[in-house]
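Thanks for coming, everyone. Please look at the sequence and the structure on the screen while I talk.

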Amino acid sequence: MALIDDVQLARLHNNPSTFKNFSFLQSFTRPADAIAYSVGDAINNSTSAPVALSQDLASQGVPVGAVLEITDTMVVVNNATQLENMAVCISGVPLTLANDNAAFALTLAQVQSGQVSFIPVSGGVSTSRPMTNATMVENDFTYTTIPLTGTTLYVTLLANAARTPVSGEVYTVGIFGRIL
């Protein structure tokens, strides 16, 4: 499927009734250690056999090969004690992942697919809200398009700054947008 061009995208934006929304919400628990992350390290669920977050969006009306427009991205981290600064890697093709705390890298095929995007998110610790010691980092000005191969969206995280995590932190990733 050809990527949507700027003219087509502008026409769609001028007629919002053509959009159908989708949402992606998945969580993982990072390993039970407190090994510091370096810039560019993978943040995921295993030090030996990581699995990307994924969600089949067919039940939300996403057809095979659709193009998604990402409008909002958030990450909630429980037990966070410091500023979060990371990137959400969103892909329309399965991702080959590095182990938690290892250098994150994509394969050449993944890069050439045009189906991978990185969205930076950052935020601070909330100790006065109901989510005590939780951090919600978000980017609500994303507007990135992702073409899918099938109907599944794949997601992983990487560190954009050095950070020492809390053992067993739970990360919840939310991605919201429209089906183009």
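**A walk through the chain**

Of the 180 residues in the protein chain, 47% count as buried. Keep in mind that this is a predicted model.

Let's start with the elements. The protein chain has two helices and 11 strands. Reading from the N terminus, the order is α-β-β-β-β-β-α-β-β-β-β-β-β. Now take the contacts in the chain with a separation of 6 or more: 84% of them come from residues 24 or more positions apart.

Next, the cores. The largest nonpolar core has 28 residues. Which residues have the most contacts inside it? They are Leu-153 and Ile-175. Six elements are worth finding on the screen here: S1, S4, S5, S6, S10 and S11 each give two or more residues to this core. There is also a second, separate core, with 10 residues. Among its members are Ala-42, Ala-52, Leu-95 and Phe-104.

Stay with Leu-153 for a moment. Leave aside its neighbours within four places in sequence. Leu-153 is then in contact with residues including Phe-22, Phe-24, Leu-68, Ile-90, Ile-146 and Ile-175. Leu-53, Ser-54 and Gln-55 are on that list of contacts too.

Those last three bring us to strand S3, which covers residues 53-56. S3 pairs with strand S10, residues 152-159, in the antiparallel sense. The pairing runs over four bridges. In it, Gln-55 stands opposite Leu-153 in S10.

Where do the side chains of S3 point? In a regular strand, side chains alternate between the two faces of the sheet. S3 does alternate. Leu-53 and Gln-55 point to one face and are buried. Ser-54 and Asp-56 point to the other face and are not buried.

Now for the rings. How many aromatic pairs does the structure hold? Two. Phe-28 and Tyr-171 form a stacked pair, with 5.2 Å centre to centre and 5° between the planes. Phe-28 lies in strand S1, residues 20-29, and Tyr-171 lies in strand S11, residues 170-179, so this pair ties together parts that are 143 residues apart in sequence. Buried or exposed? Both Phe-28 and Tyr-171 are buried.

The other pair is Phe-104 with Phe-118, and it is edge-to-face. Here the centres are 5.9 Å apart, and the angle between the planes is 85°. Phe-104 is in the loop between strand S5 and helix H2, while Phe-118 is in strand S6, so the pair ties together parts that are 14 residues apart in sequence. Phe-104 is buried, with a relative accessible area of 14%. Phe-118 is partly exposed, with a relative accessible area of 39%.

One more ring, this time with a charge. Arg-178 lies over the face of Phe-19, at 4.5 Å from the ring centre. Arg-178 has its place in strand S11. What does the side chain of Arg-178 join in a polar contact? The side chain of Glu-69, at 2.8 Å. Arg-178 counts as buried, at 17% relative accessibility. The cut-off for buried is under 20%, so 17% qualifies.

I'll finish with two asparagines. Asn-78 sits in the loop between strand S4 and S5. Asn-78 counts as partly exposed, at 27% relative accessibility. A polar atom of its side chain lies 2.6 Å from the backbone nitrogen of Val-170. And remember Tyr-171 from the stacked pair. Asn-78 and Tyr-171 are 93 residues apart along the chain, yet their C-alpha atoms are separated by 6.8 Å.

The other one is Asn-101, in the loop between S5 and H2. At 18% relative accessibility, Asn-101 counts as buried. Phi of Asn-101 is near 70°, a positive value in a residue other than glycine. What does Asn-101 touch, not counting residues up to four places away in sequence? Arg-30, Asp-33, Ile-35, Ala-36, Tyr-37, Asp-41 and Ala-42. You have met Ala-42 already, in the second core.

That's my tour. Questions, please.

Definitions and conventions: Residues numbered from 1 in each chain as written. Predicted model: local features only at pLDDT ≥ 70, side-chain atom pairs only at ≥ 80, totals over all residues. Heavy atoms only, no water. Phe/Tyr/Trp six-rings, centres within 6.5 Å; stacked < 30°, edge-to-face > 60°. Buried < 20%, exposed > 50% of the residue type's maximum accessible area, 1.4 Å probe, protein only. Lys NZ or Arg CZ within 6 Å of the ring centre and 35° of its normal. Pairing = 2+ DSSP bridges. Polar contact = N/O pair within 3.5 Å; in protein donor to acceptor, adjacent residues only side chain to side chain. Core = buried A, V, L, I, M, F, W, Y, C linked by side-chain atoms within 4.5 Å. Contact = heavy atoms within 4.5 Å.
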